[in-house]
Amino acid sequence: MLLSALADDTTPVGVRASAAGALGALRHAAAAPLLAALATDEEQPGTLRAHAVRALGSIGVLDTLPVVLACARSPHEAVRRRAVVALGAFPVPEAARALEKFVTPGAEPDLARAAVQALRKFGCLALPVLVRLAADADGLPEDAGHRLVEALAAHPGTEATGALLGLATAPPPDRRDESTYAISSERRLSRSPPAQEVASLALVERGSARDLTPLTALLGPDTWFGAHEPAIQALLRIGTEEAYEHLLAFCYGTKHFYPWHVGALDAVAAARGIRLGP
């Protein structure tokens with residue numbers, strides 16, 4: 001019945017679109033050829049085509065990947081957006097490469113966010129793509145930058161950590177040409193790009209006694225101020241002499257002490273059995 005309604009051009013568009021959605025929800029593989037034909041038929045209403053390509057993503061028959069890729073290049077906004085989301089159901093290199101093209105500076109924000117979200121479903125297959133995107137993340141829509149960080153944070157290896165470090169320690173855009181932008185250190189720190197902030201907080205969870213690099217990198221002179229306290233607290237939790245030395249070097253080099261600086265120094269002193277005060 002659903003297939004008949006979908007195939008009948010005399011059926012109201014809303015009913016056909018609902019039928020496409022229902023077939024997708026049921027993952028009815030036998031409907032894939034009809035849905036593919038509708039998705040690529042430019043004489044069909046855009047709403048119906050968008051529902052058809054969305055259903056193809058729900059069903060995930062690999063033979064329909066070329067159709068979804070073609071729809072991702074459609075001039076129709078709704079069809080294009082649904083196709084990018086649908087590509088997340090095809091964890092193969094061809095789909096990953098296609099999604100990468102939607103995550104570029106100046107890209108449509110909705111498509112960039114959807115592409116990163118789709119890549120996250122690919123697991124390890126997407127890691128090389130995510131690393132490349134992190135290396136050229138300037139100008140990404142804010143939400144896309146956030147989702148890129150989340151996708152990288154889901155990978156525990158050193159490659160993902162390196163990409164997160166690159167995002168966390170990248171200077172804000174207005175620092176890259178000091179001859180054009182002469183601004184104070186405080187202003188630089190307050191204007192860190194959102195991806196830098198999110199990446200910094202993600203790195204706090206990755207430092208270990210064996211590898212302190214993520215945490216110590218967050219204490220550099222041009223890093224986001226908001227990451228300093230969480231990084232110091234993480235070093236205290238690790239509690240090795242090496243961690244303490246990095247903590248002390250940072251605190252002794254700071255110009256303005258906050259209560260958390262004092263608390264960290266007190267904690268190190270207590271751990272070393274040093275009595276402070278009378």
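Helix packing and loop residues

Trainee: Is Thr-11 buried or exposed in this predicted model, and what is its relative accessibility?
Mentor: In this predicted model, Thr-11 has a relative accessibility below the 20% cut-off for burial. Thr-11 therefore counts as buried, at 15%.

Trainee: Where does Thr-11 lie, and which residues does it touch beyond four places in sequence?
Mentor: Thr-11 is a loop residue, placed between α1 and α2. Leaving aside residues up to four places away in sequence, Thr-11 touches Ala-5 and Arg-16.

Trainee: How many residues of α4 are buried?
Mentor: Helix α4 covers residues 46-59 and has 14 residues. Its span from first to last C-alpha is 20 Å, close to the 20 Å expected at 1.5 Å a residue. Among the buried residues are Leu-48, Val-53, Leu-56 and Ile-59. The helix is mostly covered, and the buried count out of 14 residues is 10.

Trainee: Which helices do the buried residues of α4 pack against?
Mentor: The buried set of α4 includes the glycines Gly-46 and Gly-57 as well as Arg-49. The partners of the buried residues are α1, α2, α3, α5 and α6.

Trainee: Which residue follows α4, and what is its phi?
Mentor: Most residues other than glycine have a negative phi. The residue following α4 is a glycine, and its phi is positive. That residue is Gly-60, with phi near 70°.

Trainee: Which residue in the loop between α2 and α3 has a positive phi although it is not a glycine?
Mentor: The residue lies in the loop between α2 and α3. At 61% relative accessibility it is over the 50% cut-off and therefore counts as exposed. Its phi is about 55°, and the residue is Arg-27.

Trainee: How are α6 and α8 oriented to each other?
Mentor: The two helices pack with their axes 8 Å apart, at an angle of about 15°. An angle under 35 degrees counts as roughly parallel. The orientation of α6 to α8 is therefore roughly parallel.

Trainee: What is the handedness of the crossing of α6 and α8, and how many charged residues are in the contact?
Mentor: The crossing of α6 and α8 is right-handed. Arg-80, Arg-81, Val-84 and Val-85 of α6 meet Asp-110, Leu-111, Ala-114, Ala-115 and Ala-118 of α8. By class, the contact of α6 with α8 has six nonpolar and no polar residues, and its charged residues number three.

Trainee: Is Ala-112 of α8 buried or exposed, and which residues does it touch beyond four places in sequence?
Mentor: Ala-112 sits in helix α8, residues 109-120. At 0% relative accessibility, Ala-112 counts as buried. With residues up to four places away in sequence left out, Ala-112 touches Phe-102, Val-103, Ala-107, Pro-141 and Ala-144.

Trainee: How are α10 and α11 oriented to each other?
Mentor: The axes of α10 and α11 come within 9 Å. They cross at roughly 150°, and angles over 145 degrees count as roughly antiparallel. The orientation of α10 to α11 is therefore roughly antiparallel.

Trainee: How many nonpolar residues are in the contact of α10 with α11?
Mentor: The crossing of α10 and α11 is left-handed. Val-149, Leu-152 and Ala-153 of α10 meet Ala-160, Ala-163, Leu-164 and Leu-167 of α11. This contact has no polar and no charged residues, and its nonpolar residues number seven.

Trainee: How are α11 and α13 oriented to each other?
Mentor: Helices α11 and α13 pack with their axes 7 Å apart, at an angle of about 135°. The crossing of α11 and α13 is left-handed. The contact includes Leu-164 and Ala-168 of α11 and Ala-199 and Leu-203 of α13. By the angle, α11 and α13 are therefore oblique.

Trainee: Which helices do the buried residues of α15 pack against?
Mentor: Helix α15 covers residues 228-238, and its buried residues include His-228, Ile-232 and Leu-235. Gly-239, just after α15, has a positive phi of about 70°. The buried residues of α15 pack against α13, α14, α16 and α17.

Trainee: What separates the C-alpha atoms of Pro-221 and Leu-125?
Mentor: Pro-221 lies in the loop between α14 and α15. At 74% relative accessibility, Pro-221 counts as exposed. Pro-221 and Leu-125 are 96 residues apart along the chain, and their C-alpha atoms are separated by 35 Å.

Methods
Residues numbered from 1 in each chain as written. Predicted model: local features only at pLDDT ≥ 70, side-chain atom pairs only at ≥ 80, totals over all residues. Heavy atoms only, no water. Axes fitted to C-alpha atoms, helices over the stretch in contact; angles between N-to-C directions. Helix = DSSP H or I, 4+ residues; strand = E, 2+ residues; numbered from the N terminus. Parallel < 35°, antiparallel > 145°, perpendicular 65-115°, else oblique. Left-handed = near helix turned anticlockwise from the far one by under 90°. Contact = heavy atoms within 4.5 Å. Expected span 1.5 Å × (residues − 1). Buried < 20%, exposed > 50% of the residue type's maximum accessible area, 1.4 Å probe, protein only. Nonpolar A, V, L, I, M, F, W, Y, C, P; charged D, E, K, R; others polar.
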